[in-house]
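Reader: I'm new to this structure and would like a close look at just one part of it. Could you take me through the salt bridges and anything around them that helps me place them?

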Amino acid sequence: MMYLRIAALAVFLAVAALALWYRGEAISAEADRDRAIADLNTAVDANKAQEETIGRLRASAAANDRIIAKIAADVATISTNTTETNQAIGDLKDANEDVRAYLSTVVPADLKRVLDR
């Protein structure tokens, strides 16, 4: 009988130890889950911040593209106007003796410095 009691006590202690071990594993798994959720939340927040930054960079790039296109159009207009003006002056020089005489005069030094800037 004594052996049965010792065997029963040993079985009870083994079951209790196994239950405590499983409980420890469950607590450890819950802690791992909580850390994984925290890591996921951190990654999601970082991803949102990066997406916002990418959005701002895309908007900035689009604005830069519009500015560059406007500058290119302005330069083309200036170039066209300059070409037309030079052509008109050349045509006047060829057609009009007074204009030809005026354009052949020496430009004063002070005016030349201003024009050569």
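Author: Sure, let's go through them. The count comes to 6 salt bridges, and I'll take you through some of them, helix by helix. Keep in mind that this is a predicted model. On confidence, the protein chain averages a pLDDT of 93, and 100% of the residues score at least 70.

Let's start in helix α1, which covers residues 2-95. Here the side chains of Arg 35 and Asp 32 meet in a salt bridge, at 2.2 Å from N to O. Where do Arg 35 and Asp 32 sit in the helix? They are 3 residues apart in α1, so about one helical turn separates them. As for the surface, Arg 35 counts as partly exposed because its relative accessibility is 48%. Asp 32 has a relative accessible area of 39%, so this residue is partly exposed too. Among the elements of the chain, α1 also has the highest mean pLDDT, at 95.

Next comes α2, made up of residues 97-103. In this helix Glu 97 pairs with Arg 100 in a salt bridge, and their closest N and O atoms are 2.8 Å apart. The spacing along the chain is 3 residues, which means Glu 97 and Arg 100 are about one helical turn from each other in α2. Arg 100 is partly exposed, with a relative accessible area of 32%.

Then there's α3, residues 109-115. Arg 113 and Asp 110 form a salt bridge there, with 2.2 Å between the closest N and O atoms. Both residues lie in α3, 3 residues apart, about one turn of the helix. Are they buried or exposed? Arg 113 is exposed, and so is Asp 110. A word on confidence here: α3 has the lowest mean pLDDT among the elements, at 85.

Finally, to help you place those last two helices, have a look at the largest pocket. Helices α2 and α3 each supply at least two residues of its lining. The space in this pocket is about 150 Å³. Its lining includes Tyr 102, Leu 103, Leu 111 and Leu 115, along with Thr 105, Val 106, Val 107 and Pro 108. What kinds of residues make up the lining of the largest pocket? They divide into 7 nonpolar, 1 polar and no charged.

Technical notes: Residues are numbered from 1 along each chain as its sequence is written. This is a predicted model: local features need pLDDT of at least 70, side-chain atom pairs count only at pLDDT 80 or more; totals for chains, interfaces and linings use all residues. Side-chain values use heavy atoms; hydrogens and water are left out. On a 1 Å grid over the protein atoms alone, a cavity is a set of points where a 1.4 Å probe fits but cannot get out, and a pocket is an open set with protein on both sides within 12 Å along at least five of seven lines; lining residues have an atom within 4 Å of a point. Grid points are joined across faces, edges and corners, and a volume is the space filled by probe spheres set on the points. Helices (H or I, at least four residues) and strands (E, at least two) are DSSP runs, numbered from the N terminus. Ala, Val, Leu, Ile, Met, Phe, Trp, Tyr, Cys and Pro count as nonpolar, Asp, Glu, Lys and Arg as charged, and the others, Gly among them, as polar. A salt bridge is a side-chain nitrogen of Lys or Arg within 4 Å of a carboxyl oxygen of Asp or Glu. Buried means under 20% relative accessible area, exposed over 50%, partly exposed in between (1.4 Å probe, protein chains only). pLDDT is the predictor's confidence in each residue, from 0 to 100.
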